[in-house]
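Welcome, and thanks for taking a look at this model with us. Below is a short guided briefing, arranged by topic, to keep beside the viewer.

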Amino acid sequence: MLRIHSNTIEESIDTIALLTQYLHTDFNEDFIDAVPAFNTVLIYVNLSHTTPEAFRQNLLYHVAAFSAEAPRLKNPRDIPVTISLPIYYGPELAWDLQSAAGKCGLSGAELIKIHSEQYYHVCAIGFSPGFAYLGFTDPALHLARRSSPRTHVPKGAVAIAENQTAIYPQASPGGWHIIGRCPSTLFEVQESNSTILCVFEVGAKVKFYSVSLEEYIALGGQLDE
Amino acid sequence: MNDSNGRVQIKKAGTQTTLQDSGRVGFQHLGITPGGYADRHAASWANALLGNQENSPLLEITLGQCELYFEHDSVICVTGAECDVLINNRPMTLWCSQKIQAGEILRFGFPYTGVFNYLSIARGFSSPNVLNSCASVIREKLGPNNGAALKKNDWLKFTKNQSTSFSKSALRFASRYRPDYASHLELNLIPGFDWENVEEKEAFLQQEYTIAQNTNKMGTRLNGMPIAFTEESRKKREAYSEGVSLGTVQIPENGQPIILGAEHQTIGGYPKVGCISKLSYYQLAQRRPGQSVSFSLVSRDQAQRQWLRFLRFFSSI
């Protein structure tokens with residue numbers, strides 16, 4: 001596991017994202033998987049190509065060089081700089097909007113405005129396939145998770161908890177506060193040709209924009225039964 | 001119907017019977033767990049005893065109680081949990097290759113010890129791959145039939161054996177080498193970067209822990225002496241989630257260790273003391289709630305050497 005320390009966590013996330021790309025371009029045969037998350041990346045070393053010790057030495061040597069060259073290596077390939085996503089924040093689908101706003105001492109409209117006006121970093125992907133932790137929400141929106149998680153959170157549910165926000169890419173259990181619904185497909189595995197669609201990538205930036213119910217449905221959004 | 005396909009039908013599904021292989025490698029950065037068989041040791045032997053290629057699809061049978069009807073002749077092998085297995089009414093020897101004939105029914109009782117049995121078939125079961133693996137992960141809906149467990153009346157296919165390449169005498173794994181899943185298990189722990197901050201390390205290594213009820217392929221929960229970290233280290237620790245792997249020993253707030261399993265989440269936020277060796281995990285997976293385990297330290301190099309020996313052995317068959 002590689003862990004870095006920067007002045008801010010946002011800087012760490014950006015550096016880890018670049019480092020992870022660098023691993024893919026320069027060390028490709030030597031590892032099987034690399035899982036970036038916040039200020040760390042967990043590297044699964046390919047033991048049929050190298051040893052962990054050799055990999056570690058090699059990596060540290062190159063990381064030192066990487067840091068010195070970092071400005072030149074910025075965006076070596078096309079990470080989407082900003083992912084724009086439509087959110088319907090209406091009461092039919094935003095199950096916890098009123099209660100969350102109340103707990104934060106805000107009106108529903110204020111919560112929506114604060115949630116949708118800033119950019120978020122994709123910090124990590126995990127918990128379930130394609131589930132991206134997006135940081136960091138305005139302190140006005142900080143809330144502990146729900147005291148008891150739901151066994152079913154619908155696909156596309158937009159949620160907040162602690163200092164992060166996320167969209168559940170498929171239905172699953174979940175303990176975050178649901179404040180809206182996103183009609184976009186965020187994660188999909190095409191079984192026929194084993195390809196994966198995953199909208200999020202660690203290091204990318206995300207921006208939400210509010211849409212009407214008509215727009216939400218036109219974009220493929222589903223209503224609850 | 002294709003004449004070279006043999007068929008097997010599920011007559012009773014049992015607790016949970018799924019198609020598995022060694023798992024989906026290389027997708028954890030997308031939150032996709034590797035999955036695959038819980039006890040890779042027993043599963044590898046099930047394939048090896050039939051001369052199958054290493055990663056051939058086989059069935060993972062959880063806590064027995066399933067029944068399968070073989071429409072065509074084949075050669076099979078069952079390894080894993082100690083369990084009464086019958087072909088029609090004849091007891092079958094486990095950890096041993098076995099011919100089975102068209103029309104016969106294979107019945108699993110409830111295992112005496114252990115949790116998982118592995119049923120392999122000559123040349124492996126035919127199964128579509130999803131992301132390079134046939135591993136069924138139910139909660140992610142990935143695998144054949146969206147990762148679902150097999151149900152009554154489901155059919156499985158296999159390639160009928162057309163050659164006489166199987167030796168006439170059975171290939172058998174000597175019973176004195178079979179693992180004893182009823183025994184106390186000492187887990188080989190590779191200490192992690194937070195190990196130095198664990199309080200009462202010696203006491204921890206002397207402790208016996210008991211496997212808790214809510215244990216499954218995602219993780220094994222243990223009950224016993226709570227593990228705590230020094231106050232200084234707790235103050236300095238950042239609360240961010242990080243990547244986690246099979247065998248990671250996490251310590252949640254109540255101090256009761258959780259050891260991540262074959263279907264582990266890919267990232268986690270709890271502090272960790274280290275990681276048990278994969279070979280230790282395969283034995284752990286076969287322990288039931290109430291059984292006892294303890295930890296002993298092993299160096300990463302030792303664990304790696306054992307693991308490489310294991311890999312080389314099975315890939316050379």
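A good place to begin is the salt bridge between B:Glu242 and A:Arg3, whose closest N and O atoms are 2.9 Å apart. Please keep in mind that this is a predicted model. The notes start where chain A meets chain B, then move into each chain in turn.

**Where the two chains meet**

- Chain A brings 33 residues to the contact, and chain B brings 33 residues as well.
- About 2600 Å² is buried between chain A and chain B, with carbon and sulfur atoms giving 61% of that area. On the chain A side, A:Asp33, A:Leu47 and A:Glu191 together account for 18% of what the chain buries against chain B, more than any other three residues.
- The salt-bridge rule finds two cases across this interface, and the pair of B:Glu242 with A:Arg3 is a salt bridge between the chains.
- Polar contacts across the interface come to 10 residue pairs, both partners at pLDDT 80 or more.
- Which elements of chain A each supply at least two residues to the side that touches chain B? They are strands E2 (31–37), E3 (40–45), E5 (119–125), E12 (187–190) and E13 (195–198), together with helix H2 (52–73).
- E2(A) gives the largest share of that side, with six residues.
- Sorted by class, the side of chain A that touches chain B holds 22 nonpolar, seven polar and four charged residues.

**Chain A: helix H4 and the strands around it**

- Helix H4 of chain A spans residues 108–116, and its buried residues are A:Gly108, A:Leu111, A:Ile112, A:Ile114, A:His115 and A:Ser116.
- What do these buried residues pack against? Their partners in chain A are helix H3 (97–104) and strands E5, E8 (157–161), E9 (164–167), E11 (177–181) and E14 (205–210).
- E11(A) is itself mostly covered, as five of its five residues are buried.
- E11(A) also pairs with E8(A), in the antiparallel sense and over four bridges. Within this pairing, A:Val158 is found opposite A:Gly180 of E11(A).

**Chain A: A:Gln118 and a cis peptide bond**

- A:Gln118 sits in the loop that runs between H4 and E5 of chain A.
- A polar atom of the A:Gln118 side chain lies 2.9 Å from the backbone oxygen of A:Phe136, and the A:Gln118 side chain also reaches the backbone nitrogen of A:Asp138 at 3.3 Å.
- Beyond its neighbours within four places in sequence, A:Gln118 contacts A:Phe136, A:Thr137, A:Asp138, A:Val206 and A:Lys207.
- A:Phe136 deserves a second look: the peptide bond leading to A:Phe136 from A:Gly135 is cis, with omega near -10 degrees. A:Phe136 belongs to the loop between strand E6 (132–135) and E7 of chain A.

**Chain A: an exposed strand residue**

- A:Thr151 is part of strand E7 (residues 150–153) of chain A.
- Is A:Thr151 buried or exposed? Its relative accessible area is 73%, so A:Thr151 counts as exposed.
- A:Thr151 and A:Pro173 are 22 residues apart along the chain, with 4.2 Å between their C-alpha atoms. Setting aside residues up to four places away in sequence, A:Thr151 touches A:Ser172 and A:Pro173.

**Chain B: covered positions**

- In strand E2 of chain B (residues 16–20), four of the five residues are buried.
- E2(B) pairs with strand E3 (residues 58–62) of chain B in the antiparallel sense, over five bridges; B:Leu19 has B:Leu59 of E3(B) as its bridge partner.
- B:Ala48, in helix H1 (residues 40–48) of chain B, is buried at 11% relative accessible area. B:Ala48 and B:Leu171 are 123 residues apart in sequence, yet their C-alpha atoms are 9.4 Å apart in space.
- B:Asn188 of strand E13 (residues 185–191) in chain B has a relative accessible area of 19%, so B:Asn188 counts as buried. Among its contacts outside the four nearest places in sequence are B:Cys275, B:Ser296 and B:Gln306.

**Chain B: positive phi outside glycine**

- B:Trp95 is not a glycine, yet its phi is positive at about 55 degrees. B:Trp95 lies in the loop between strands E7 (90–91) and E8 (97–100) of chain B, and is buried at 1% relative accessibility.
- B:Glu200, also not a glycine, has a positive phi of about 55 degrees. B:Glu200 is located in the loop between E13 and helix H2 (201–206) of chain B, and is exposed with a relative accessible area of 55%.

Note on methods:
Residues are numbered from 1 along each chain as its sequence is written. Chains are lettered from A and ligands numbered from 1 in the order in which they are written. This is a predicted model: local features need pLDDT of at least 70, side-chain atom pairs count only at pLDDT 80 or more; totals for chains, interfaces and linings use all residues. Side-chain values use heavy atoms; hydrogens and water are left out. Contact means heavy atoms within 4.5 Å. Buried area is the accessible area (1.4 Å probe) that two parts lose on being put together, summed over both. A salt bridge is a side-chain nitrogen of Lys or Arg within 4 Å of a carboxyl oxygen of Asp or Glu. A polar contact is a pair of N or O atoms within 3.5 Å; within protein, one must be able to donate a hydrogen and the other to accept it, and residues adjacent in sequence count only if both atoms are side-chain atoms. Ala, Val, Leu, Ile, Met, Phe, Trp, Tyr, Cys and Pro count as nonpolar, Asp, Glu, Lys and Arg as charged, and the others, Gly among them, as polar. Buried means under 20% relative accessible area, exposed over 50%, partly exposed in between (1.4 Å probe, protein chains only). Two strands pair if DSSP finds at least two bridges between them.
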